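Subject: Handing over the structure

Hello,

Here is the structure I promised to pass on to you. Please have a look at it first, and then read my notes underneath.

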Amino acid sequence: MPVTLLISWRLGDAYFRQSWNTPKSLTDTTLLLFAAGAVLFALGGMLPLLLGAGRGRHAASPAAEVDTWFLHRAAVVLYRLTMVGYVALAVVGLSRGARPADLLEALTSQDAFDSTLRTQFAPIAGITTLTQLGIAYVVVAVTLLTRQRDRYVARRLAVVLVLALMRAFFLTERLAILELAIPAVGILAMYAARRGRVQRRVTAAAPFVLVPGAVAVFGIFEYSRSWVFYSQGGGSFFQFVIDRLAGYYATAYNNGQLALTYGTSGVRLPYGSIEAFWTAPGISQLDLYGQLTGRYEPDDFGTILQQYGNPEFNSPGGLSIPFVDYGTAGGLVFFLLAGLALGLAYLRWREGEFWASLVYPVALTGLLEMPRYLYWGQGRVLPSFVALVVIAWLARRRVPTAGTIG
């Protein structure tokens, strides 16, 4: 967040217009507000660690007290439900006219952004939502694999990852693979930290490899997403990737400014921070948010981008959403409490509590993606959060006397 906020502050209106085809609406005052939210979030996250410094540092694996049979059964259920979701997604796409030839065309042309696949495979709440349980499956499966080798779990894990890669490429849904990879890396990092001093040092140096790796992965997916079109204007691909990556963050902050300026008038209720509630099956069909406010938030935000920004860069900005939903004071309180909750979850994971070992790796995705959107409030992550909390509760009931289960 500090780096991306600094980039957004230093770049002027001319650069915004030339590189990302949008005027710079972001003011220094709003940047300071976003920075204040980020600082409070960091302070909230550090507080549990400071109060619990040295207590239970890198305790034994939180899965140690949970029997392997239970974890296997949980993994099997999650995998089967995930596959039901993907079958439903395939049926939905076929019913809307998608054909294997369309996939081949997108693959050979390396242009998935302009294809009709995204429309044909657009998700349906309550039906294709089960695909998102793949996040929970990855968490349980990687946890299992840190305990022992299991070729069946590994094969199913590979299937889930490949299907997510297909979504990331054909549906230009890059988050589909990131929300699987980030929790897996988090679990492996904690596993390595518990192995010894050398492994902890290697883990501590991992960002020096993972950050350039993340840029490389971004470039790979951006090649088929936008480079095919923008390459016609000349320039190097490397320069394009760096500029495009900076643009996703800078325009997210800029879009946050637009939402604060044009999207807070009239009757409104919190939306972006609790989007999972408004888009849940049943509630979304009733259009409860529209019935209560007379607005349809996604369309309203899209209209703002059409008039004042660039719809191609449509990230709402995770640092702006709490301020849009709750005002200045409420947004600052939100960030402090969110940081406190995340810090507590991390501390409990480090101390070896099982529930935290399931929940925190998923929350980690939202931590890394916060400059662009508020991941924790989205409907795509709610099924996995619920599933993992249920698994943790069932595990606690199976071992009621184990203090490390949590």
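Below is what was found, going from the cores to the open and closed spaces and then to two loop residues.

This is a predicted model, in which local features need pLDDT of at least 70 and side-chain atom pairs count only at pLDDT 80 or more, while totals for chains, interfaces and linings use all residues. Residues are numbered from 1 along each chain as its sequence is written, and side-chain values use heavy atoms, with hydrogens and water left out.

Let's start with the inside. The largest nonpolar core (buried Ala, Val, Leu, Ile, Met, Phe, Trp, Tyr and Cys residues joined through side-chain atoms within 4.5 Å; buried means under 20% relative accessible area, exposed over 50%, partly exposed in between, with a 1.4 Å probe and protein chains only) has 72 residues. Those with the most contacts inside this core are L78, Y137, L319, F354, L388 and I391. Among the helices (DSSP runs of H or I, at least four residues, numbered from the N terminus) that each supply at least two residues are α3 (28-51), α4 (68-95) and α19 (382-398). The biggest contributor is α7, with 10 residues. A second, separate core holds 10 residues, including F16, W20, A250 and F313.

Next, the pocket I would look at. A pocket is an open set of points on a 1 Å grid over the protein atoms alone, with protein on both sides within 12 Å along at least five of seven lines; a cavity is a set where a 1.4 Å probe fits but cannot get out, and lining residues have an atom within 4 Å of a point. The second largest pocket has a volume (the space filled by probe spheres set on points joined across faces, edges and corners) of about 1900 Å³. Its lining has 45 residues, and I182, P207, L210, V211 and L368 lie nearest the centre. Helix α9 gives the largest share of that lining, 10 residues.

As for closed spaces, there are two cavities of 30 Å³ or more. The largest cavity contains about 40 Å³ of space, and its lining includes Y86, R167 and E179.

Finally, two non-glycine residues have a positive phi: N21, at about 55°, and D287, at about 50°. N21 sits in the loop between α2 (13-20) and α3 and is exposed, at 58% relative accessible area. D287 lies in the loop between α14 (283-286) and α15 (288-293) and is partly exposed, at 33%.

Enjoy exploring!
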